[in-house]
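Student: I have a structure open and would like to learn how to read it. Can we go through some features together?

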Amino acid sequence: MPLSTDLIDRLSAIVGAEHVRHTTGDLVPYARDATPLFDRLPDAVVFPADTAEVAAVLRLATEHRVPVVPRGAGSNLCAATVALNGGIVLVTTRMNRIREISPDELLAVVEPGVTTAALADAATAHGLLFPPDPGSRTVSTVGGNVATCAGGLRGLKYGVTRNYVLGLEAVLPTGEVIRTGGRLWKDVAGYDLTRLLTGSEGTLAVITEITMALLPAPADTGTGIAYFPDLAHAGRAVADILSAGIVPATLEFLDRSCVNAVEDFAALGLRRDAGALLLFGDDGTSDAVRRDLTRMAELCDAAGATEWTLAEDVAGAEALLTARRCSLPALSRLGSLTILEDATVPRPRIAEMVDRIDAIADRHTVTIATFGHAGDGNLHPTCVVADPNDTESIERAHAAFDDIFRTAIELGGTITGEHGVGAAKLPHLRAQLGDDQLQLLSRIKTAFDPARILNPGKLGS
Ligand SMILES: Cc1cc2nc3c(=O)[nH]c(=O)nc-3n(C[C@H](O)[C@H](O)[C@H](O)COP(=O)(O)OP(=O)(O)OC[C@H]3O[C@@H](n4cnc5c(N)ncnc54)[C@H](O)[C@@H]3O)c2cc1C
């Protein structure tokens, strides 16, 4: 139901009329995020400038029982920002100041709408590193990264976003402003609400300030590439690298279909006959990087690599990493609809999981290519559908992904390693967490959001 003129007027009084949108044309860009097949027009979009405005919008929404969906860049891949029940989409992009970078304390204080790349660049300018490195970094916001606990290419060595969140300011749906954690690297007072809010996907509170830990920037980085007859051989190389005591900064794989799609797309000179490709990289002192890269290349060789190369310099390393970074656009060209998914299995079971994905794709007669983070078992099976109006193909793709998520759980894995649950994966959550835990999630949701206005139809629903 559209919001009343009175409510639009009250929203305008809070954030300024120019920061409220409510005509259909203005709402269309906020009907969907980066997830295909989910959309719903909200009734209004608001762009608050600060914490006080966020609090006032939330108080008003709770009072009138209007749903509110927090949104950063809308780059999530699990329909986490689709306003399933209409209501208000609250966009944080005006709250985009980097308030502080402290080299002494190794931290940054930022507003939620700062892009990941802007924080990473500001850290670099101070000789520091913000390690999380999602593929969407140029558009995704730090608030969105925290709310989804984003991962990325450096997850094995450096962990994910939650490993860097020291403290948060957040507004509860009832309008109270809370502060969790702070600037300390050690603080165990009370339940860990910082961790609870990290990954809560906009269902418990709106994050309005983030204190993020940084690390000293490494002096050097390096990358290599190795080709294998199949993923089983690449998997052996991954196991050998890790058991040799090396913790690479990058350890990514592409399966055969993915290698060919990337080569068709970017003509990088990749070997099309490879059954699997492994990208390996490290950072640190120049000597350590060279030593580890050479050792990793030797271990790939011993595990059956048909060919390997080390990049000569930073530009060469970036060129190699392009193979991984352009996997999604390369696959997208193969059809009109690309469904990129995310599942994680224990590392030794990656090759088995990819074999099972291939068998599932054959069984459902769909096209699925897989790439991902070999170092942390995080796979991105990607289904390409030729015609987005072919409902029968889309149903077969859904059935294939149902089987893929079931298989991930069966192998001791998870239905999502980094993209989150959103609306897209909510139907699969019960299979992983069980009834008791789902009920606990729902009780936690009620404690934060008694009127259940915040991002309904997602976690805690
Ligand atoms: C090409 C591409 C590559 C990607 N690569 C990666 C990757 O490598 N790793 C990875 O983890 N993800 C990746 N993603 C997914 C996505 O970019 C991440 O989930 C990212 O963290 C979302 O940030 P955002 O600002 O777009 O958030 P949005 O999509 O706007 O929101 C995501 C969730 O966070 C909530 N939210 C946003 N801001 C706030 C706030 N201030 N307070 C409370 N809740 C909030 C929303 O309600 C929603 O539930 C990729 C996406 C694309 C399109």
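Student: Where does Leu196 lie?
Tutor: Leu196 lies in helix H7, residues 193–197. Bear in mind that this is a predicted model.

Student: Is Leu196 buried, exposed or partly exposed?
Tutor: Look at the relative accessible area. Buried means under 20%, exposed means over 50%, and partly exposed is in between. Leu196 has 31% relative accessibility, so this residue counts as partly exposed.

Student: Which residues make a nonpolar surface patch with Leu196?
Tutor: Tyr191 and Leu193 join Leu196 there. The patch covers about 330 Å².

Student: Which residues gather in a patch of negative charge?
Tutor: Four Asp residues do so on the surface: Asp230, Asp355, Asp358 and Asp362. Take Asp358 as a case. Its place is in helix H13, residues 350–363. Asp358 counts as partly exposed because its relative accessibility is 32%.

Student: Now salt bridges. How many does the whole structure have?
Tutor: The general idea comes first. A salt bridge needs a side-chain nitrogen of Lys or Arg within 4 Å of a carboxyl oxygen of Asp or Glu. A search of the whole structure finds 29.

Student: What do the side chains of Glu252 and Arg324 form?
Tutor: They meet in a salt bridge, at 2.6 Å from N to O. This pair links distant parts of the chain. Glu252 sits in strand S13, Arg324 in helix H11 (residues 314–325), and 72 residues separate them.

Student: Are Glu252 and Arg324 buried or exposed?
Tutor: Both are buried.

Student: What is the partner of Asp264 in a salt bridge?
Tutor: Arg272 is the partner. The closest N and O atoms are 2.7 Å apart. Asp264 is at 45% relative accessibility, so it counts as partly exposed. Arg272 is at 39%, so Arg272 also counts as partly exposed.

Student: What about Arg295 and Glu298?
Tutor: Their side chains meet in a salt bridge too, at 3.3 Å from N to O. Both residues belong to helix H10, residues 286–302. They are 3 residues apart in this helix, so about one helical turn separates them. Arg295 is partly exposed, with a relative accessible area of 39%. Glu298 counts as partly exposed at 42%.

Student: Which residues do shared salt-bridge partners join into one network?
Tutor: Arg97, Arg99, Glu111, Glu169, Arg179 and Glu209.

Student: On to strands. How many residues of strand S14 are buried?
Tutor: Strand S14 spans residues 276–284, and 8 of its 9 residues are buried. The strand is therefore largely enclosed by the rest of the structure.

Student: Which strands are joined to S14 by bridges?
Tutor: To see pairing, look for bridges and for direction. Strand S12 (residues 220–228) runs antiparallel to S14, with 9 bridges. For example, Ala226 has Leu278 in S14 as its bridge partner. Strand S13 (residues 250–255) is also antiparallel to S14, with 6 bridges. There, Thr250 has Gly281 in S14 as its bridge partner.

Student: In what order do the 4 strands of the open sheet come?
Tutor: The order is S1-S2-S4-S3, and the pairing is mixed. S1 (20–21) and S3 (68–71) stand at the edges. Each has a single partner strand, so one side of each is left without a neighbour in the sheet.

Student: How many bridges join S1 to S2?
Tutor: There are 2, and S1 runs antiparallel to S2, residues 44–46. Arg21 stands opposite Val45 in S2.

Terms used:
Residues are numbered from 1 along each chain as its sequence is written. This is a predicted model: local features need pLDDT of at least 70, side-chain atom pairs count only at pLDDT 80 or more; totals for chains, interfaces and linings use all residues. Side-chain values use heavy atoms; hydrogens and water are left out. Patches are made of residues with over 30% relative accessible area and no salt bridge: like charges are joined within 9 Å, nonpolar side chains (Val, Leu, Ile, Met, Phe, Trp, Tyr) within 5 Å. Accessible areas come from the Shrake-Rupley method with a 1.4 Å probe; for residues, only the protein chains shown count as cover. Lys and Arg count as positive and Asp and Glu as negative; His and the chain ends are not counted. The place of a charge is taken as NZ of Lys, CZ of Arg, CG of Asp or CD of Glu. Buried means under 20% relative accessible area, exposed over 50%, partly exposed in between (1.4 Å probe, protein chains only). Two strands pair if DSSP finds at least two bridges between them.
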